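Good morning, and thank you for the opportunity to present at this meeting. Please keep the sequence and the structure in view while I speak.

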Amino acid sequence: MATAPRLVRLRPRLRPRAPPPPPGHGGMKRSSSGSLSFHGPGSSTIRSFSASSLGNVRSFSAGSLSSIRSFSAVPAAWAEHVDACPLVPAGFDWEGSLSLELGVLDAAEQALLAKEVDKPLRRRRYQGDHWDGVIAQYREIGMPAPKWSPAARAIIEEKLMARLPRVDRPLLEPHVLDLSGDGAIYPHVDNVEFSGVFVAGLSLLSSAVMRLRPAGASEGTADGGAAQPTVHLLLPPGSLYVMKNEFRYRWEHEILGSKDSMFRGEAVARDRRISLLLRDGPLEDKDAEERERWLRQNNP
């Protein structure tokens with residue numbers, strides 16, 4: 001029986017077997033996965049997001065990867081924010097692969113979270129290139145529970161964590177990524193060795209366009225370089241996406257830079273954008289085997 005997720009301080013890496021970050025690199029570092037909560041910097045006091053809020057999340061586990069539903073159209077609730085090219089299969093499992101909710105936070109809640117992360121972010125300079133080559137013009141920090149005010153923590157628990165899939169593993173520490181107006185995230189699939197079955201992101205400050213394509217499409221290695229299915233998501237401030245199954249494992253995703261920020265033929269103005277990223281921890285061996293079986297059985 002699935003239990004409420006536990007929070008631990010782990011840093012997700014984006015590509016398998018990537019070299020470690022250089023000394024002094026900001027962001028999260030890996031630690032023991034057995035902790036039930038976070039240690040505040042310089043303090044022996046342990047504080048955490050409440051277990052009761054985590055218990056409200058919807059049920060999802062690695063075992064459900066073997067049960068795939070078929071949907072022929074983008075769900076109407078977010079169809080206006082999804083642009084799928086004709087090459088996307090008619091029976092693509094949209095609801096099994098993606099959740100996109102608009103207006104998850106109101107303007108006041110967005111402003112509160114943005115204000116709380118702004119001060120620690122401004123202590124850092126924008127970096128030209130990430131150590132793994134995936135991000136440009138960015139700043140990033142880890143934000144464990146003790147760093148949030150009670151009001152911000154309540155928003156995260158009640159508005160965000162309550163919308164995450166339920167898992168049997170600890171959640172990674174909330175990670176904050178700040179892209180400048182000229183910043184971009186390049187095509188990648190989040191490393192399966194350092195994070196689990198879902199990737200979720202809350203958008204703040206500025207709209208952005210996410211592009212998804214089958215893994216290898218950006219390098220011309222998918223199907224020998226033939227034209228590939230492409231999906232664009234318009235992510236306004238206050239929206240929350242959750243990628244699972246196909247989009248988590250088989251498709252690479254990216255946030256388009258200002259010069260390429262287009263949705264349905266129209267330019268989408270890009271400014272500074274903050275995203276709060278939420279992931280579950282790495283799969284145990286038995287769950288990783290289930291994932292591999294699902295991938296083999298559902299080979300496109």
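**Helices, strands and loops of a predicted model**

I begin with helix α6, residues 285-297, in what is a predicted model. At 1.5 Å a residue, the 13 residues of this helix should span 18 Å, and the C-alpha atoms at its ends are 18 Å apart, which agrees. Which residues of α6 are buried? They are D287, A288, E290, R291, W294 and L295. Viewed down the axis of α6, these buried residues fall within an arc of 155°, so they line one face of the helix. The general background is that an α-helix has 3.6 residues a turn, so residues three or four places apart point the same way. On the other side of α6, the exposed residues are D285, K286, R296 and Q297. Against what do the buried residues of α6 pack? Their partner is α5, residues 245-250.

I turn next to helix α3, residues 107-122. Its 16 residues, at 1.5 Å each, should span 22 Å, and its end C-alpha atoms are indeed 22 Å apart, which agrees. The buried residues in α3 are E109, Q110, L113, A114, E116, V117, D118, P120 and L121. These buried residues pack against β7, α4, β10, β11 and β18, the last of these being residues 273-279.

Let us follow one of those partners, strand β7. Of the 8 residues of β7, 7 are buried, so this strand is largely enclosed by the rest of the structure. Strand β7 pairs with β10 in the antiparallel sense, over 7 bridges. Within this part of the model, I141 stands opposite V176 in β10.

The loop between β7, residues 135-142, and α4, residues 150-160, contains A145. Is A145 buried or exposed? With a relative accessibility of 0%, A145 counts as buried. A145 and I156 are 11 residues apart along the chain, and their C-alpha atoms are separated by 9.7 Å.

My next subject is strand β15, residues 251-255. This strand is mostly covered, with 5 of its 5 residues buried. As general background, the side chains of a regular strand alternate between the two faces of the sheet. In β15 both faces are covered: W251, H253 and I255 are buried on one side, and E252 and E254 are buried on the other.

Which strands are joined to β15 by bridges? Strand β10, residues 175-188, is joined to β15 by 2 bridges, and the two run antiparallel. Strand β12 is joined to β15 by 5 bridges, and these two also run antiparallel. H253 in β15 has H188 standing opposite, and L212 likewise stands opposite H253.

I should now like to draw your attention to two loop residues with a particular backbone angle. Although L205 is not a glycine, it has a positive phi of about 80°. L205 lies in the loop between β11, residues 199-204, and β12, residues 208-214. Its relative accessible area is 46%, and L205 is therefore partly exposed. The second residue is R264, which is not a glycine either and has a positive phi of about 55°. R264 is placed in the loop between β16, residues 262-263, and β17, residues 266-267. With a relative accessible area of 40%, R264 is partly exposed.

Let me now step back to the protein chain as a whole. How many helices and strands does the protein chain have? It has 6 helices and 18 strands. Of its 300 residues, 55% count as buried. Among the contacts in the chain with a separation of 6 or more, 81% are between residues 24 or more positions apart. The accessible surface of the chain comes to about 13600 Å², and carbon and sulfur atoms account for 50% of it.

Finally, I come to the confidence of the prediction. The mean pLDDT of the protein chain is 77, and 72% of its residues reach 70 or more. Where in the chain is confidence lowest, and where is it highest? The lowest is in strand β2, residues 38-39, at a mean of 28, and the highest is in β11, at 98. Over residues 1-72 the pLDDT is below 50, and this stretch has 193 contacts in the model beyond near neighbours in sequence. As a general rule, where pLDDT is low, the predicted coordinates should not be read in detail.

Thank you for your attention.

Technical notes
Residues numbered from 1 in each chain as written. Heavy atoms only, no water. Helix = DSSP H or I, 4+ residues; strand = E, 2+ residues; numbered from the N terminus. Expected span 1.5 Å × (residues − 1). Buried < 20%, exposed > 50% of the residue type's maximum accessible area, 1.4 Å probe, protein only. Arc of directions from axis to C-beta. Contact = heavy atoms within 4.5 Å. pLDDT = per-residue confidence, 0-100. Pairing = 2+ DSSP bridges. Areas by Shrake-Rupley, 256 points an atom, 1.4 Å probe, with all protein chains shown as cover.
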